[in-house]
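Let's take a walk through this one together, from the ligand outwards. Have your viewer open and follow along.

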Amino acid sequence: MIPMQINPEVKQHLAKNDIVALESTVITHGLPYPQNENLALDMEQEVRENGCIPATIGMVNGELIIGLNKEQIHRLSTGSHMRKISQRDYGIGMAKKMDGGTTVAGTILASLQAGIHVFATGGIGGVHRGSFFDVSADLPVLSQYPMIVVCAGAKSILDLPATLEKLETLGVPVLGYQTDAFPAFYSTSSGLGVDMRVDSPEEVVEIAHYHWEMGIRSSILVVVPPPSDVALPNEDVENEIQDAVKIAEEKGIRGAKVTPFLLEKMNQLTAGKSMHTNLALLKNNARVGALIAKAYSQQK
Ligand code: PSU
Ligand code: MN
């Protein structure tokens, strides 16, 4: 038995499948307070307005919570000793009664424990620039567990061509939601392509259906460009990205600390410029996640 609590409202909806899982590393390690807390609540609101039930996932005092309540979201938004919960951190976090935010990998694993199949986030982890040994656990988990994951691609703090090659090797289909291009988080295109463009939530669900019926267990990655009114040109953030990566190398930042360090540096270096885009695309992805979960719940 694992220490897991499913929020009563989420539990009621599990059989209907109209639930969107949301991650919490973006709250604990991705955004500063109070933007993190407001964003978490806004994403939940976005899911509800589009006809589904949100389940923000996180760890509180060693318990895996499927559907954090407002107090728990506040606790994760403001607490100081937050573990980043990826695949290797569950046993440690539960045994040592930790608080933490679940990464993409962590949230996929938790969602499947609860029986949720659609998950919306900002950006996935991937292959880091200049360091092919630093590959996020998000990638192997995406390759091993069946989930529909909605994101805005990955931040170009990563090596995006290498990340896409890796996703190909790992058997993770990349679907461009109303786009032919793989988005680069802040910008609508990374210059790289996707495996298939889809224009409706139903197409995503149909592809996922056949993918899993084939007995393939990997996730489906749905990439959504940031809304055009907030998207930034690639060049606008490239200098800051290069600076952030350089500072991380100089400081010898390693392991699980790399991504949070780069995210924080990017927030500092680009100030308001990138935060506005970041928040808008997270909400947009929650909306698209809800549309897909709705279609998933209505499939025969
Ligand atoms: N990218 C972002 N914001 C984030 C993350 C990635 O733009 O908050 C978080 C996600 O939770 C992702 C995790 O799963 O960082 C990846 O961390 P790592 O590279 O250590 O696996
Ligand atoms: Mn890493």
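How far is an oxygen atom of ligand 1 from a polar backbone atom of Val104? Keep in mind that we're looking at a predicted model. The answer is 2.8 Å. Glu23 comes into play through its side chain, where an N or O atom sits 2.8 Å from an oxygen atom of ligand 1. Then there's Ser136: one of its polar side-chain atoms lies 2.6 Å from an oxygen atom of the ligand. Zoom out a little and you'll find 16 residues surrounding ligand 1, with Lys84, Ser136, Asp138, Lys155 and Thr259 the closest.

Lys155 is a handy place to turn off towards the aromatics. Besides being among the residues closest to ligand 1, Lys155 lies over the face of Phe185, 4.1 Å from the ring centre. Phe185 in turn belongs to the 1 aromatic pair that the structure holds, and its partner is Tyr186. Their ring centres are 5.0 Å apart with 90 degrees between the planes; that angle is over 60, so the pair counts as edge-to-face. Both Phe185 and Tyr186 are buried.

Now for the nonpolar side of things. In soluble globular proteins, nonpolar side chains tend to be buried together. Here the largest nonpolar core has 99 residues, and Ile66 and Ile124 have the most contacts inside it. Helix α12, spanning residues 272–298, gives the most to this core, with 11 residues.

Click on Ile66 to see who's around. Setting aside neighbours within four places in sequence, Ile66 is in contact with several residues, including Met4, Ile6, Val10, Ile57, Ala110 and Ile116. Gln5, Asn7 and Thr56 are also among the contacts of Ile66.

Technical notes
Residues are numbered from 1 along each chain as its sequence is written. Chains are lettered from A and ligands numbered from 1 in the order in which they are written. This is a predicted model: local features need pLDDT of at least 70, side-chain atom pairs count only at pLDDT 80 or more; totals for chains, interfaces and linings use all residues. Side-chain values use heavy atoms; hydrogens and water are left out. Rings of Phe, Tyr and Trp (its six-membered ring) pair if their centres lie within 6.5 Å; planes under 30 degrees apart count as stacked, over 60 as edge-to-face and the rest as tilted. Buried means under 20% relative accessible area, exposed over 50%, partly exposed in between (1.4 Å probe, protein chains only). A charge sits over a ring if NZ of Lys or CZ of Arg is within 6 Å of the ring centre and within 35 degrees of the ring normal. A nonpolar core is a set of buried Ala, Val, Leu, Ile, Met, Phe, Trp, Tyr and Cys residues joined through side-chain atoms within 4.5 Å. Helices (H or I, at least four residues) and strands (E, at least two) are DSSP runs, numbered from the N terminus. Contact means heavy atoms within 4.5 Å. A residue is near a molecule or strand if one of its heavy atoms lies within 4 Å of it. A polar contact is a pair of N or O atoms within 3.5 Å; within protein, one must be able to donate a hydrogen and the other to accept it, and residues adjacent in sequence count only if both atoms are side-chain atoms.
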